[in-house]
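Colleague: I would like a close look at a single part of this model, the sheet, together with what packs around it. Could you take me through it slowly, in a way that a first-year student can follow?

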Amino acid sequence: MRKKIVAANWKMNKTFADGLQLIDEILNTTPVNNNVIKIIAPPFIHLAAIADKLKSKEGFAVAAQNCHHLKSGAFTGEVSAEMIASTGAEYVIIGHSERRMYFGETSSLLAQKVNITLANNLTPIFCLGEMIEDRNANLHLEKVKQQLKEGLFHLSPSDFSKLIIAYEPVWAIGTGVTATTHQAQGMHNFIRSEINKKYGKNISENTILLYGGSCNAENAKDLFACLDVDGGLVGGASLKANDFVAIANSF
Ligand code: PEP
């Protein structure tokens, strides 16, 4: 039985004080479903304080939104996986389309980030998804297959079985245009079948696949009801406690 997960990607939002206040609001917004793991991915500056606040709260965990691909050194402004682990965070989002687009992150760089994340006992939440041009040209399956292969398929079966994948069609992120349940289920089923081909049935059936892209309190129920959708990676709607909790309660 795969775990159900809803992850909040705050992106570059919330001051330190506002971030802590949002956590308090989330914790005060009941009822929360303790069987759903709620992962909060704030900016780096919040990690230690939020990890501390959530450490005794059942069903909560903390993620970084990115990490550097090397262990340590003269990389001004960067944050390593080891540093992230030292805050109490347990997950790292890797390969978000905004990192791929605005920071030029390539598949080979992302593969290194996955490696260093796993080496530090952190769980990668690996994002992939096609651009609108790919979908219009009916190339979306090919594109996602390539991202899977280049970013993840170098991993050993035991390492692969530790990670989470988030399918985030780029055309749905922050646009208000959500993938239909047919589109989401179709791609998730395709991803699972590619994992099956590479790693076999057991690993493919146990890999957690999240959907991301304009997921909100209204559409989450239908999306999460899809057979191969195990939860969501949520941007905009995760910045309001009521909306985030409602999404987490949509299973
Ligand atoms: C995201 O950035 O991962 C995301 C899914 O954003 P939004 O929910 O705002 O589309």
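Modeller: What follows starts with the sheet as a whole, goes on to its strands and single residues, and ends with the helices.

Please keep in mind throughout that this is a predicted model. The sheet is a closed barrel of eight strands with parallel pairing, and its order runs β1-β2-β3-β4-β5-β6-β7-β8. If direction is ignored, neighbouring strands of this sheet are turned against each other by 25° on average.

Let us begin with strand β1, which covers residues 4–9 and is mostly covered, since five of its six residues are buried. On one hand, β1 pairs with strand β2, residues 36–41, in the parallel sense, and six bridges link the two. Within the pairing with β2, Asn-9 stands opposite Ala-41. On the other hand, β1 is joined by four bridges to strand β8, residues 231–234, and these two strands also run parallel. Here Ala-8 is the residue to look for, as it stands opposite Val-234 in β8.

Ala-8 deserves a longer look, and its place is in strand β1. Is Ala-8 buried or exposed? Its relative accessible area is 0%, and because buried means under 20%, Ala-8 is buried. If we leave aside its neighbours within four places in sequence, Ala-8 is in contact with Ile-39, Ile-40 and Ala-41, and also with Val-234, Ser-238 and Phe-244. It is also instructive to set sequence beside space: Ala-8 and Gly-235 are 227 residues apart in sequence, while their C-alpha atoms are 6.1 Å apart.

A second pair of this kind involves Asn-9, whose C-alpha atom is separated by 9.2 Å from that of Ala-237, although the two residues are 228 residues apart along the chain. Ala-237 is placed in the loop between β8 and α12, the latter being residues 241–248. With a relative accessibility of 15%, Ala-237 counts as buried. Apart from neighbours within four places in sequence, the residues in contact with Ala-237 are Cys-215, Asn-216, Asp-243, Phe-244 and Ile-247. Phe-244 therefore appears in two lists, as it is in contact with Ala-8 and with Ala-237.

Elsewhere in the barrel, strand β5, residues 123–128, pairs with strand β6, residues 164–167, in the parallel sense over four bridges. One residue to find in this pairing is Leu-128, whose bridge partner in β6 is Tyr-167. Helix α7 packs on the sheet and touches both β5 and β6, and the direction of α7 makes about 150° with that of β5.

The next step is to see how α7 meets a neighbouring helix. Helix α7, residues 140–151, packs with helix α9, residues 181–199, at an angle of about 45°, and their axes are 11 Å apart. The two helices are therefore oblique to each other, and α7 passes α9 in a right-handed crossing. From α7, the contact is made by His-140, Leu-141, Val-144, Lys-145 and Leu-148, while α9 brings Met-187, Phe-190, Ile-191 and Glu-194. Sorted by character, the residues of this contact are six nonpolar, one polar and two charged.

His-140 also leads us to Asp-134, a residue of helix α6, which covers residues 132–136. Asp-134 has 13% relative accessibility and so counts as buried. Neighbours within four places in sequence left aside, Asp-134 is in contact with Leu-139, His-140 and Lys-143.

Finally, let us return to the side of the sheet with β2. Helix α2 lies across β2 and β3, where β3 is residues 60–64, and α2 runs at about 170° to β3. How does α2 meet α1? The axes of helix α1, residues 16–28, and helix α2, residues 47–54, come within 10 Å and cross at roughly 20°. Since angles under 35 degrees count as roughly parallel, this makes α1 roughly parallel to α2. As for handedness, α1 passes α2 in a right-handed crossing. The contact involves Phe-16, Gly-19, Leu-20, Ile-23, Asp-24 and Leu-27 of α1, which meet Ala-49, Ile-50, Lys-53 and Leu-54 of α2. Among the residues of this contact, seven are nonpolar, one is polar and two are charged.

Terms used
Residues are numbered from 1 along each chain as its sequence is written. This is a predicted model: local features need pLDDT of at least 70, side-chain atom pairs count only at pLDDT 80 or more; totals for chains, interfaces and linings use all residues. Side-chain values use heavy atoms; hydrogens and water are left out. Axes are lines fitted to C-alpha atoms, for helices over the stretch in contact, and angles run from 0 to 180 degrees between N-to-C directions. Angles under 35 degrees count as roughly parallel, over 145 as roughly antiparallel, 65 to 115 as roughly perpendicular and the rest as oblique. A crossing is left-handed if the near helix is turned anticlockwise from the far one by less than a right angle, and right-handed if clockwise. Contact means heavy atoms within 4.5 Å. Ala, Val, Leu, Ile, Met, Phe, Trp, Tyr, Cys and Pro count as nonpolar, Asp, Glu, Lys and Arg as charged, and the others, Gly among them, as polar. Buried means under 20% relative accessible area, exposed over 50%, partly exposed in between (1.4 Å probe, protein chains only). Two strands pair if DSSP finds at least two bridges between them.
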